[in-house]
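Please follow the structure shown here from its aromatic pairs to its strands and then to the loops around one histidine.

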Amino acid sequence: MCRYGYYVEVGVTETATGTDWQSWQESWDRQQEWYMPDREERFRVMLDMVEAVVGPEPRVLDLACGTGSITDRLLKRFPNATSTGVDLDPALLAIARGTFDGDDRVSFVTADLKDPEWTARLPHTSYDAVLTATALHWLHTEPLAVLYGQIGGLVRDGGVFMNADHMIDTGTPRINAAERAHRHAAMDRAKAAGALDWAEWWAVAAKDPVLAAPTAERFAIYGEHADGDMPSADWHARTLIASGFGEARAVWASPSDTLVLAVK
């Protein structure tokens, strides 16, 4: 497999001990990179800012963790960090749990972020950093504001929250249209070279003996993927300030996505 989503095979090999979870982890990364070729850059800046604000041994909440992509980068860079991953998706959590099985720095919690009591499932009441990427855009602004209020209660004083996601400035329609056309042209070229999109990746997972059942459960929970409102970075910063954070602003941006950082 190579970068930017170019790959032909995502079939996962079996080892003597069972499913090759690392191969599934990598195939998820390649699929995500088809949509976001700068995905690793946002992770790098995110971890730079974790280190800058709370140091190299943080207790982290990987929010809507999926397969644990943030946790993976976190622990490779900061071996003394710890991470709690929380998600509702049974298939992605299966990959995450399989990948980090036996690593006592990592735990995973199954919880619905729309459940008012989801924080009660967490093993800790406060975190140095709450991190999320490309996961909360499926929430509309009202439940996202509620979630930000809950996150404000989880981050310790001096701690950070970061969200890297699709954030659209509706005041720049011509820029938005040009960026979208350019991005989709690149995605079409990558697709012609063998990249799998979201739907195709899930079709492969649905045929896997281990992931078939959790994949079916996943679609029973979520249905087809649907986006929320995707408000601007300014909206995120204002809402985080209203949720108890002292400062909030963008610290990285691509033409389509933004990383917003808030300090408690």
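**From aromatic pairs to a histidine and its neighbours**

Trp34 has a relative accessibility of 7% and therefore counts as buried, the limit being under 20%. This value, like the others in this account, is computed from a predicted model. Tyr35, by contrast in its category, is partly exposed, with a relative accessible area of 28%. The structure holds 12 aromatic pairs. One of them joins Trp34 and Tyr35, whose ring centres are 4.6 Å apart and whose planes stand at 75 degrees, so that the pair is edge-to-face. Another edge-to-face pair is formed by Tyr148 and Phe161, with 5.3 Å from centre to centre and 65 degrees between the planes. Because Tyr148 lies in helix α5 and Phe161 in strand β7, this pair ties together parts that are 13 residues apart in sequence. Both Tyr148 and Phe161 are buried.

Ring pairs also link Trp24, Trp28, Trp198, Trp201, Trp202 and Phe219 into a cluster. Arg218 can be placed relative to two of these rings: its charged end sits over the ring of Trp202, 4.7 Å from the centre, and Arg218 also lies over the face of Phe219, at 4.8 Å from the ring centre.

The helix and the strand that hold Tyr148 and Phe161 belong to a right-handed β-α-β unit, which is made by β6, α5 and β7. How is β6 placed with respect to the rest of the structure? Seven of the seven residues of β6 are buried, so the strand is largely enclosed by the rest of the structure. Strand β3, residues 59-63, pairs with β6 in the parallel sense over three bridges, and within this pairing Asp62 stands opposite Leu131 in β6. Strands β6 and β7 also run parallel and are joined by six bridges; here Tyr127 has Val155 in β7 as its bridge partner.

Thr132 gives a closer view of β6, since this residue is found in that strand, which spans residues 127-133. Its relative accessibility is 0%, and Thr132 therefore counts as buried. The side chain of Thr132 reaches the backbone oxygen of Leu63 at 2.9 Å. Beyond residues up to four places away in sequence, Thr132 touches Met46, Leu63, Ala64, Ile70, Phe161, Met162, Asn163 and Ala164, and Phe161 in this list is the residue that forms an aromatic pair with Tyr148.

Past β6, the chain enters the loop between β6 and α5 (141-154), and Thr134 lies in this loop. Most residues other than glycine have a negative phi. Thr134, although not a glycine, has a positive phi of about 50 degrees. With a relative accessible area of 16%, Thr134 is buried. Met230 likewise has a positive phi, of about 55 degrees, although it is not a glycine. The place of Met230 is in the loop between α8 (212-222) and α9 (233-242), and at 17% relative accessibility Met230 counts as buried.

Which residues does His166 touch, apart from those up to four places away in sequence? His166 touches Thr134 and Met230, together with Met36, His137, Pro231, Ser256 and Asp257. His166 is found in strand β7, which covers residues 155-166, and its relative accessible area of 23% makes it partly exposed. The side chain of His166 makes a polar contact with the side chain of Asp257 at 2.9 Å. As for a residue elsewhere in the model, His166 and Gly55 are 111 residues apart in sequence and 27 Å apart in space, C-alpha to C-alpha.

Ser256 completes this set of neighbours from the loop between β8 (247-253) and β9 (257-263), where this serine is found. With a relative accessible area of 19%, Ser256 is buried, the limit being under 20%. Its side chain makes a polar contact with the side chain of Asp257 at 3.1 Å, so that the side chain of Asp257 has polar contacts both with Ser256 and with His166. Residues up to four places away in sequence aside, Ser256 touches His166, Met167, Glu179 and Arg183.

Technical notes. Residues numbered from 1 in each chain as written. Predicted model: local features only at pLDDT ≥ 70, side-chain atom pairs only at ≥ 80, totals over all residues. Heavy atoms only, no water. Helix = DSSP H or I, 4+ residues; strand = E, 2+ residues; numbered from the N terminus. Buried < 20%, exposed > 50% of the residue type's maximum accessible area, 1.4 Å probe, protein only. Contact = heavy atoms within 4.5 Å. Polar contact = N/O pair within 3.5 Å; in protein donor to acceptor, adjacent residues only side chain to side chain. Pairing = 2+ DSSP bridges. Right-handed = clockwise from strand over helix to strand, strands pointing away. Phe/Tyr/Trp six-rings, centres within 6.5 Å; stacked < 30°, edge-to-face > 60°. Lys NZ or Arg CZ within 6 Å of the ring centre and 35° of its normal.
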